[in-house]
Amino acid sequence: MVSQLANMVEDYVTSSRKKYALQAAPLSDAQRSVMQPFFSSAVLDSARLCVLRGTRVSNPPMYAMAKMMGIRNLPDFAAMTAITFVDVIVSHQEFTNELLFHELVHVAQYAQMDLKEFAARFVNGFIQGGSYEEVPLEKMAHALEGRFSQNAVETFSVDDEVRQWREANAL
Ligand SMILES: [Zn+2]
């Protein structure tokens with residue numbers, strides 16, 4: 001069941017990425033200079049941003065099946081502030097630095113694992129934790145976003161953090 005769901009997440013991420021890549025743009029110079037102390041240039045170069053106006057991201061077609069499997073608490077992507085599909089960040093509101101930081105952590109996570117691994121970790125984390133908020137990939141992004149918003153002067157490498165969490169098998 002986990003691998004079946006992970007395959008569906010992969011498909012959803014791939015097709016959404018393709019869909020929104022066309023209307024997404026690189027970080028502005030101002031955004032880049034704020035993020036640069038924390039993220040590698042590979043992450044900052046690859047990230048593309050897209051702000052949706054008058055429309056929202058749709059939930060994955062797999063939801064019907066997941067519900068039939070008895071899975072509850074499925075995350076409502078349409079209600080989320082923003083979602084990252086590999087390197088394409090889709091937001092329902094204008095980017096603040098905190099929001100951008102959070103989503104770039106996901107870009108850095110995706111960059112260190114392939115989509116297959118990301119999807120498997122996401123589904124496993126969801127099933128074990130019981131909710132989107134309990135997915136370790138998500139908890140990590142929240143923790144690092146918190147560090148950034150409390151103190152943007154004390155810099156750290158998000159790439160190193162992702163590597164450490166992954167090696168410690170905490171993701
Ligand atoms: Zn997140």
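A residue counts as buried when its relative accessible area is under 20%, as exposed when that area is over 50%, and as partly exposed in between. That yardstick comes in handy below, where it is applied to a predicted model. Take Arg166: its relative accessibility is 28%, so Arg166 counts as partly exposed.

Arg166 is also a good way into the salt bridges. Side chains of opposite charge can pair when their charged atoms come close. Arg166 does this with Glu117, and the closest N and O atoms of the two are 2.8 Å apart. This pair ties together distant parts of the chain, since Arg166 sits in helix H8 and Glu117 in helix H6, with their positions 49 residues apart. Glu117 has another partner too: its side chain meets that of Arg121 in a salt bridge, at 2.7 Å from N to O. Here the two partners are four residues apart in helix H6 (residues 115–129), so about one helical turn separates Glu117 from Arg121. Put together, Glu117, Arg121 and Arg166 are linked in a network of salt bridges. As for accessibility, Arg121 has a relative accessible area of 18%, and because the cut-off for buried is under 20%, Arg121 is buried.

Helix H8 takes part in another bridge as well. Glu161 pairs with Arg147, the closest N and O atoms lying 3.2 Å apart. Again distant parts of the chain are linked: Glu161 belongs to helix H8, Arg147 to helix H7 (residues 136–150), and the two are 14 residues apart. Glu161 is buried, with a relative accessible area of 14%, whereas Arg147, at 39% relative accessibility, counts as partly exposed. Overall, the count of salt bridges comes to nine.

Then there is the way helix H8 packs against helix H5. Two packed helices are described by the angle between their axes and the distance between the axes. For H5 (residues 97–112) and H8 (residues 158–167), the angle is about 55 degrees and the axes are 10 Å apart. That angle makes H5 oblique to H8. The crossing of the two helices is right-handed. On the H5 side, the contact is made by Phe101, Val105, Ala108, Gln109 and Gln112, while H8 brings in Val158, Asp159, Val162, Arg163 and Arg166. Sorted by type, the residues of this contact come out as five nonpolar, two polar and three charged. Arg166 therefore turns up in both stories: Arg166 is part of the contact with H5, and Arg166 also forms the salt bridge with Glu117.

Conventions
Residues numbered from 1 in each chain as written. Predicted model: local features only at pLDDT ≥ 70, side-chain atom pairs only at ≥ 80, totals over all residues. Heavy atoms only, no water. Axes fitted to C-alpha atoms, helices over the stretch in contact; angles between N-to-C directions. Parallel < 35°, antiparallel > 145°, perpendicular 65-115°, else oblique. Left-handed = near helix turned anticlockwise from the far one by under 90°. Contact = heavy atoms within 4.5 Å. Nonpolar A, V, L, I, M, F, W, Y, C, P; charged D, E, K, R; others polar. Salt bridge = Lys/Arg side-chain N within 4 Å of Asp/Glu carboxyl O. Buried < 20%, exposed > 50% of the residue type's maximum accessible area, 1.4 Å probe, protein only.
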